[in-house]
There are 2 protein chains.
Amino acid sequence: MPTHATPRLVKTVSELRAAVAAARSEGSKIGLVPTMGALHEGHLSLVRASRRECGFTVVTIYVNPSQFGPSEDYRRYPRTLEDDIRRLAGAADLVFAPADEEVYPSGYSTWVDVGAVAAPLEGQYRPGHFCGVATIVLKLFQMAGADEAYFGQKDYQQVLVIRRMVEDLNVPIAIRVCPTVREPDGLAMSSRNACLSAEARRRALVLWKSLRLAQDMVAGGERRTAVILSEMERTIHCGPVNRIDYVVLVDPQTLLPIDVIDGPALAAVAVVVEQTRLIDNCLLEP
Amino acid sequence: MPTHATPRLVKTVSELRAAVAAARSEGSKIGLVPTMGALHEGHLSLVRASRRECGFTVVTIYVNPSQFGPSEDYRRYPRTLEDDIRRLAGAADLVFAPADEEVYPSGYSTWVDVGAVAAPLEGQYRPGHFCGVATIVLKLFQMAGADEAYFGQKDYQQVLVIRRMVEDLNVPIAIRVCPTVREPDGLAMSSRNACLSAEARRRALVLWKSLRLAQDMVAGGERRTAVILSEMERTIHCGPVNRIDYVVLVDPQTLLPIDVIDGPALAAVAVVVEQTRLIDNCLLEP
């Protein structure tokens with residue numbers, strides 16, 4: 001296959017399966033990169049990791065309605081399929097971009113609930129979000145029959161939810177996680193960044209600033225989470241931001257709050273800047 | 001493989017997958033027959049259908065705790081693994097009989113909800129039952145990676161639930177349904193029949209009698225479900241039985257009640273005889 005070819009675009013599960021079966025019959029491993037499109041360098045880092053480790057790489061582009069709440073930005077979410085396909089030239093082999101009726105046909109009624117790890121943080125502020133995520137990801141895994149699937153650490157809780165689902169349901173796929181890719185000034189890449197005005201873009205920097213502050217305080221010996229959180233919140237209020245959903249230091253596996261940092265911890269933040277909700281996180285190693 | 005060999009018994013997912021991969025590499029299709037053991041001729045008819053259509057046939061034997069309610073017969077359910085393996089000699093290639101910790105290890109928390117078709121009938125009288133069924137069946141499908149799976153029509157609603165789940169979640173497996181196998185006097189074969197005393201066994205015949213009555217009434221031109229149901233109930237009360245959970249005539253796809261039989265209908269009954277809950281059903285074609 002020519003390295004710089006534009007990936008083939010398919011829209012049905014049967015085309016997807018036929019293309020995957022053909023690649024598999026030629027001895028390729030199959031890598032899957034589920035996305036909602038509006039691709040940025042974060043996505044492309046996943047695509048490159050898949051190409052490197054698996055060979056044949058399928059990128060799915062689907063803005064999944066079931067993971068958006070009724071008052072969320074489903075309609076406003078950026079959709080840039082033609083640009084996305086161009087950006088994938090030479091990087092992916094196949095793009096699967098199904099219509100809603102292909103994914104959720106009339107009569108659809110099955111949902112996956114992942115339990116405790118989906119409850120706090122995003123689960124608390126976006127009720128039903130992870131049910132939609134777990135369900136669409138399981139569907140994509142079943143559709144593609146891939147060997148490995150790639151996700152970004154920026155959606156940390158999503159990765160925990162998907163790992164839990166894959167382990168619990170015995171889905172025969174390996175989950176790979178790649179580091180968050182950041183803009184030069186530290187803002188985590190996100191499709192939603194495209195929704196930010198110049199002023200909001202500047203204010204959005206407080207997410208990363210607050211996480212860096214936490215890293216610095218832990219590196220400086222601070223172990224009391226109350227002290228660290230108070231400084232993080234003060235940083236974020238300086239944005240200013242329109243709303244803080246959460247600023248937390250939690251156990252990286254259970255996502256439950258911790259009082260004292262005596263092992264690995266996750267710092268995670270979710271704020272709304274103008275109308276755009278942004279999340280970011282980093283691991284703290286004392 | 002010698003035709004009359006006792007099937008190999010494996011207890012872990014990794015052994016199961018290795019055996020299935022080996023069979024597949026020899027060109028076999030893989031058939032799966034999920035059971036809770038205490039095998040009878042109904043199960044064996046599924047195993048024979050699988051052997052005929054797929055070749056390599058895996059029978060799973062697992063009494064799934066998550067599909068039993070707290071007041072149900074999980075502990076009392078018959079467990080006869082050695083006999084079961086002997087009965088499968090020459091019929092199945094592999095028996096997968098995992099321990100509970102292999103299926104639901106510590107921290108397990110993912111469940112599948114299939115929605116409307118799981119709500120009435122068994123869903124109403126056994127809350128949570130179909131969530132447990134859908135989850136274990138999805139897990140077994142993922143563990144085995146089979147091409148086809150075989151179920152009996154006796155568990156009619158279970159088949160609808162599994163078909164819905166497989167279609168909604170895009171699970172790459174074909175669902176095959178085989179007719180209910182009956183004792184010479186008409187009692188549907190069931191592992192729970194082993195729990196019946198001689199007297200209860202006699203009384204249990206009213207399930208089939210009531211279904212035959214419905215068939216006869218429809219064949220005789222009766223179309224009013226209220227009239228048919230009233231006769232069915234009268235028959236069942238003559239058992240006598242200890243409790244009637246439901247006696248219904250419903251749409252075979254939606255399981256919603258129908259008033260007049262002007263197309264295919266399902267007659268379904270659930271009763272308790274002594275302490276044993278029994279179900280049966282038949283399709284009515286006017």
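**Exercise 1: the two domains of chain A**

Find how many residues of domain 1 of chain A are in contact with how many residues of domain 2 of chain A.

*Solution.* Step one: count the contacts. 13 residues of domain 1 of chain A touch twelve residues of domain 2 of chain A, where contact means that the C-beta atoms of two residues, placed from the backbone, lie within 7 Å.

A quick word on what you're looking at. This is a predicted model, with local features needing pLDDT of at least 70 and side-chain atom pairs counting only at pLDDT 80 or more, while totals for chains, interfaces and linings use all residues. Residues are numbered from 1 along each chain as its sequence is written, chains are lettered from A, and ligands are numbered from 1, in the order in which they are written.

Step two: see who supplies the domain 1 side. Helix α7 (residues 156–168) of chain A gives the most, with three residues; helices (H or I, at least four residues) and strands (E, at least two) are DSSP runs numbered from the N terminus. That side of domain 1 of chain A divides into nine nonpolar, two polar and two charged residues. Here Ala, Val, Leu, Ile, Met, Phe, Trp, Tyr, Cys and Pro count as nonpolar, Asp, Glu, Lys and Arg as charged, and the others, Gly among them, as polar.

Step three: place the domains. Domain 1 of chain A is 8–178 and domain 2 is 191–284, with bounds from an automatic or database domain assignment. Taken over C-alpha atoms, their centres are 26 Å apart.

**Exercise 2: the six-stranded sheet**

Give the strand order of the open sheet of six strands in chain A, and name its edge strands.

*Solution.* Reading across, you get β1-β4-β3-β2-β6-β7 in chain A, with parallel pairing; two strands pair if DSSP finds at least two bridges between them. At the edges sit β1 (8–10) and β7 (174–178) of chain A, each pairing on one side only.

Now walk through it. β2 (residues 29–35) of chain A pairs with β3(A) in the parallel sense over seven bridges, and A:Val33 stands opposite A:Val59 in β3(A). The link from β2(A) to β3(A) goes through helix α2 (residues 41–54) of chain A, as a right-handed β-α-β crossover. Right-handed means that, with the strands pointing away from you, the path from the first strand over the helix to the second runs clockwise. Next, three bridges join β3(A) to the parallel strand β4 (residues 94–96) of chain A, and A:Val59 also stands opposite A:Val95 in β4(A).

How well covered is β3 (residues 55–61) of chain A, and how many of its residues are buried? Mostly covered: six of its seven residues are buried. The cut-offs, using C-beta atoms placed from the backbone, are 20 or more other C-beta atoms within 10 Å for buried, 12 or fewer for exposed, and partly exposed in between.

**Exercise 3: the three-stranded sheet**

Work out which strands of the open sheet β8-β9-β10 of chain A are at the edges, and find the helix that lies across it.

*Solution.* The pairing is antiparallel. β8 (243–250) and β10 (276–284) of chain A each have a single partner strand, so one side of each lacks a neighbour in the sheet. Nine bridges tie β9 (residues 265–273) of chain A to β10(A), with A:Val273 opposite A:Thr276. Helix α9 (residues 205–219) of chain A lies across β8, β9 and β10 of chain A, at about 15° to β10(A). Such angles run from 0 to 180 degrees between N-to-C directions, with axes as lines fitted to C-alpha atoms, for helices over the stretch in contact.

**Exercise 4: where the chains meet**

Describe the side of chain B that touches chain A.

*Solution.* Start with the count: 22 residues of chain B are in contact with 22 residues of chain A. Of chain B's elements, α6(B) gives the most, with four residues. The chain B side splits into twelve nonpolar, six polar and four charged residues. Then look at the strands: β5 (residues 111–113) of chain A runs antiparallel to β5(B), joined by three bridges, and A:Asp113 faces B:Trp111.

**Exercise 5: backbone oddities**

Find which peptide bond of chain A is cis, and where A:Ala38 lies.

*Solution.* Keep the norm in mind: most residues other than glycine have a negative phi, and most peptide bonds are trans. The cis bond joins A:Gly239 and A:Pro240, with omega of about -15°. A:Pro240 lies in the loop between α10 (225–237) and β8 of chain A. A:Ala38, with a positive phi of about 50°, is in the loop between β2 and α2 of chain A. A:Ala38 has 21 other C-beta atoms within 10 Å, so it counts as buried.
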